[in-house]
Amino acid sequence: MSSVLLLPGDGIGPEIMAEAAKVLDRVDQLFGLDLQIDHGLVGGAAIDAHGTPLPDDTMAKAHAADAILLGAVGGPKWDAIEAGKRPENGLLGLRSGLQLFANLRPAILYPQLAAASSLKPEIVSGLDILIVRELTGGIYFGKPRGVHVNEAGDREGFNTYRYSEPEIRRIAAVAFEAARKRSGRLCSVDKANVLEVTRLWREIVTSMAADYPDVELSHMYVDNAAMQLVRAPKQFDVIVTGNMFGDILSDEAAMLTGSIGMLPSASLDANNKGMYEPCHGSAPDIAGRGVANPLATILSAALMLRYSLRSEAALKAADAIERAVGTVLDQGLRTADIAEVPGQSVSTARMGEAVVAALALDEQAAH
Ligand SMILES: NC(=O)C1=CN([C@@H]2O[C@H](COP(=O)(O)OP(=O)(O)OC[C@H]3O[C@@H](n4cnc5c(N)ncnc54)[C@H](O)[C@@H]3O)[C@@H](O)[C@H]2O)C=CC1
Ligand SMILES: CC(C)CC(=O)C(=O)O
Ligand SMILES: [Mg+2]
């Protein structure tokens, strides 16, 4: 038995989660996974119900579960709430409370979606890169932080960008290991020409390279990396970077794959316990209309089966979900964000149900 906690969150979160839940239910039946599914509140939904973005009950369930699948949090309804109590703090609290320091964001272009990418097919076809983002440190967590009145009497906002040596070592080790299992190329992205914290980052990553002689390490400043990602993205295999740079570069990489609605992620602790979520947010501009792309969440469920549940049956189920996504794309099904012809698109639910149907047809899935 494996326990899975579903946290739909806000905006399109409940819509995309409903489809991922159908897919999990189907693979549970097909592969005998014996999943025990629980539900919880996080983000704005939790603020509305309990006055806090991360209720104790949700945190307790998250600690107890083998893995967590999250939709997205946030939205204009809660934007005026003071810092520290916003929906996003629920997500950040889960990440830091569970010590999910390693965020893996694979950006893979399905060949069927070459036309949906914002880049020319010859530049992106075959794209398969992995962004390894540090997730529990850096400027999103550094203290001191806040808004105060400075000596000149002006209001001044400040955040602190800090990384300790152990924090850098553990995320770099994840990236080196990942590169070793892939093409053997690792690019560390920093701003070492300006920021001391990332000079230390570069120094430590460089010093670790001797332990990974089979990995070719390179370094790049983040501004150049942002440019290179849209100039020649296939030069990259594994990218390792800090929390904020990874947040920004992964949204950029998402567009290479056709849509941010296609990009899944895994956030892991040191023992492969994980939280899985699409890279996108709660998309308030399309929430409640049934048009969001559920594939990033469905693909995140596949990563959950592969990285956290890990039984032979779970690994087969993960492969089957990814094949089923390929099948529905082959069938020409497109949500609005990846549609080649505007207006010729299917709903969130239709896309999710098509993945479920493709799973049932998958002969390898049944045996
Ligand atoms: N992991 C999380 O829960 C995240 C939460 N947020 C929160 O989400 C809210 C909105 O943030 P935004 O900056 O607008 O980013 P967003 O990722 O929610 O949306 C950006 C754009 O992408 C589109 N989009 C996103 N997901 C999509 C999907 N599955 N299918 C089709 N189109 C999709 C949206 O419609 C929008 O035009 C904010 O409150 C923000 O703090 C933002 C990023 C991550
Ligand atoms: C609350 C934000 C840090 C979420 C986000 O943008 C992300 O993790 O990609
Ligand atoms: Mg982001």
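**Exercise 1. Work out which residues surround ligand 2 in this predicted model, and sort them by class.**

Start with the neighbours: Glu88, Leu91, Leu92, Tyr140, Asp247 and Cys279 sit around ligand 2. Next, see where they come from. Helix α4 (residues 87-97) gives the largest share of this shell, with 3 residues. Now sort by class: you should get 4 nonpolar and 2 charged residues, with no polar ones. Tyr and Cys go into the nonpolar bin here, and Asp and Glu into the charged one.

**Exercise 2. Do the same for ligand 1: which residues come nearest, and how does the shell split by class?**

First, the head count: 22 residues lie around ligand 1. Then pick out the nearest, which are Gly74, Gly261, His280, Gly281 and Asn293. Finally, the class tally for the shell around ligand 1 comes to 11 nonpolar, 7 polar and 4 charged residues. Watch the glycines, since Gly counts as polar in this scheme.

**Exercise 3. Describe how helix α6 packs against helix α7.**

Two numbers get you going: two packed helices are described by the angle and the distance between their axes. For α6 (residues 165-181) and α7 (residues 196-208), the axes come within 10 Å and cross at roughly 50°. That angle makes α6 oblique to α7. As for handedness, α6 passes α7 in a right-handed crossing.

Now look at who touches whom. From α6 you have Glu165, Ile168, Arg169, Ala172 and Phe176, and they meet Leu200, Trp201, Ile204, Val205 and Met208 of α7. By class, this contact has 8 nonpolar and 2 charged residues, and no polar ones.

Notes
Residues are numbered from 1 along each chain as its sequence is written. Chains are lettered from A and ligands numbered from 1 in the order in which they are written. This is a predicted model: local features need pLDDT of at least 70, side-chain atom pairs count only at pLDDT 80 or more; totals for chains, interfaces and linings use all residues. Axes are lines fitted to C-alpha atoms, for helices over the stretch in contact, and angles run from 0 to 180 degrees between N-to-C directions. Helices (H or I, at least four residues) and strands (E, at least two) are DSSP runs, numbered from the N terminus. Angles under 35 degrees count as roughly parallel, over 145 as roughly antiparallel, 65 to 115 as roughly perpendicular and the rest as oblique. A crossing is left-handed if the near helix is turned anticlockwise from the far one by less than a right angle, and right-handed if clockwise. Two residues are in contact if their C-beta atoms, placed from the backbone, lie within 7 Å. A residue is near a molecule or strand if its C-beta atom, placed from the backbone, lies within 6 Å of it.
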